[in-house]
2 protein chains.
Amino acid sequence: MIVDNLKPPYFAVIFSTVLHENIEGYIEAAKKMEILAEKQPGYLGIESARSEIGITVSYWKTLEDITQWKNNIAHTEARNLGREKWYKQYQLRISKVERAYGYKF
Amino acid sequence: MIVDNLKPPYFAVIFSTVLHENIEGYIEAAKKMEILAEKQPGYLGIESARSEIGITVSYWKTLEDITQWKNNIAHTEARNLGREKWYKQYQLRISKVERAYGYKF
């Protein structure tokens with residue numbers, strides 16, 4: 001689902017990943033983290049797609065909200081598992097959305 | 001492929017799309033635009049994934065580089081075709097990457 005109801009400025013966390021072949025437990029953990037993220041202060045929405053690589057973009061009101069989510073204990077544990085077991089490579093970028101426009105048929 | 005060689009600050013264009021069922025010509029046009037984007041001044045890289053939705057993130061040195069790419073004639077024509085034929089929905093966001101970190105196994 002595309003997040004199309006936001007008014008800049010706000011923040012986007014762009015998380016790009018390459019997974020290992022064996023990703024046992026990953027789908028469940030990712031789903032759990034999405035549900036947990038939705039409950040965090042400042043959460044605005046999430047978009048996700050995966051083919052050769054995965055790209056998940058989550059949207060937040062402020063940088064402080066992103067830091068708080070980063071420091072969430074369950075999220076920290078899931079990230080550690082991710083580095084140990086699931087991610088062959090990842091890149092995380094924190095960015096400020098300055099302009100946005102869209103279209104819906 | 002994940003773009004992992006950039007040093008903030010730089011800019012990210014986050015382009016999220018939902019396609020129509022019939023996307024005749026889309027794959028070719030998208031590939032052509034990627035090749036053309038690579039030749040633009042200020043281009044830094046691109047990441048792309050598609051499952052239920054598509055997310056393409058292109059990276060640029062400056063906002064002016066993004067505007068120049070937006071005004072490129074072939075790119076403008078492809079965008080018009082996209083709106084007419086391929087995209088059921090899209091959202092384009094221009095953001096400034098302020099922090100980034102990554103990991104490669």
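A:Lys104 sits in strand S4 of chain A. In this predicted model, A:Lys104 counts as exposed because 11 C-beta neighbours lie inside 10 Å, and a residue with 12 or fewer is classed that way. Which residues does A:Lys104 touch, once those up to four places away in sequence are left out? The two are A:Asp4 and B:Gln89, so-called contacts in chain A and in chain B. A:Asp4 is 100 residues away from A:Lys104 along the chain, yet their C-alpha atoms are separated by 9.1 Å.

A step back to the whole of chain A helps to place this strand. The secondary structure of chain A consists of three helices and four strands, and their order along the sequence is β-α-β-β-α-α-β. Chain A is as compact as a globular protein of its length, because its radius of gyration of 14 Å is close to the 13 Å that the globule rule gives for 105 residues. Taken along the principal axes, the box filled by the C-alpha atoms of chain A is roughly 40 × 30 × 20 Å. Of the 105 residues in this chain, 24% count as buried. Sequence-distant partners are a feature of the chain as well: among contacts between residues at least 6 apart in sequence, 80% join residues at least 24 apart.

The pairing of the strands can be followed one pair at a time. S1(A) pairs with S4(A) in the antiparallel sense, over ten bridges. Within this pairing, A:Ala12 has A:Ser95 of S4(A) as its bridge partner. S1(A) also pairs with S3(A), again in the antiparallel sense, this time over seven bridges. Here A:Thr17 stands opposite A:Gly54 in S3(A). S1(A) is thus a partner of S4(A) and of S3(A).

Just ahead of this strand comes a detail of the backbone. Most peptide bonds are trans. What is the form of the peptide bond from A:Pro8 to A:Pro9? That bond is cis, with omega near 0°, and A:Pro9 belongs to the segment before S1 of chain A. In chain B, the peptide bond from B:Pro8 to B:Pro9 is likewise cis, with omega near 0°, and B:Pro9 is found in the segment before S1 of chain B.

The strands also supply residues to the interior. Which residues have the most contacts inside the largest nonpolar core? They are A:Phe11 and B:Phe11, in a core of 25 residues. At least two residues of this core come from each of S1, S3 and S4 of chain A, and from each of S1, S3, helix H2 (63-71) and S4 of chain B. Leaving aside residues up to four places away in sequence, A:Phe11 touches A:Tyr59, A:Trp60, A:Thr62, A:Leu63, A:Ile66, A:Ile94, A:Ser95, A:Lys96 and A:Val97. One of these, A:Ser95, is the bridge partner of A:Ala12.

The contact between the chains draws 36 residues from chain B and 36 residues from chain A. On the side of chain B that touches chain A, the elements giving two or more residues are strand S1 (10-19), strand S2 (43-50), strand S3 (54-60) and strand S4 (87-104) of chain B. The largest share of that side, 18 residues, is supplied by S4(B). By type, the residues on this side of chain B are 19 nonpolar, seven polar and ten charged. S4(B) also pairs with strand S4 (residues 87-104) of chain A, in the antiparallel sense and over 15 bridges. A:Arg99, for instance, stands opposite B:Ile94 in S4(B).

The helices complete the picture. Helix H3 of chain A, residues 73-86, reaches 19 Å from its first C-alpha to its last, close to the 20 Å expected at 1.5 Å a residue. How many of the 14 residues of H3(A) are buried? The count is one, and H3(A) is hardly covered. In chain B, helix H2 contains B:Thr67. Is B:Thr67 buried or exposed? B:Thr67 is exposed, because it has 12 other C-beta atoms within 10 Å, which just meets the limit of 12 or fewer. The C-alpha atoms of B:Thr67 and B:Val97 are separated by 17 Å, with their positions 30 residues apart along the chain.

Technical notes: Residues numbered from 1 in each chain as written. Chains lettered and ligands numbered in written order. Predicted model: local features only at pLDDT ≥ 70, side-chain atom pairs only at ≥ 80, totals over all residues. Expected span 1.5 Å × (residues − 1). Buried ≥ 20, exposed ≤ 12 C-beta atoms within 10 Å, placed from the backbone. Contact = placed C-beta atoms within 7 Å. Nonpolar A, V, L, I, M, F, W, Y, C, P; charged D, E, K, R; others polar. Pairing = 2+ DSSP bridges. Rg over C-alpha atoms; globule rule 2.2 N^0.38 Å. Core = buried A, V, L, I, M, F, W, Y, C linked by C-beta atoms within 7 Å.
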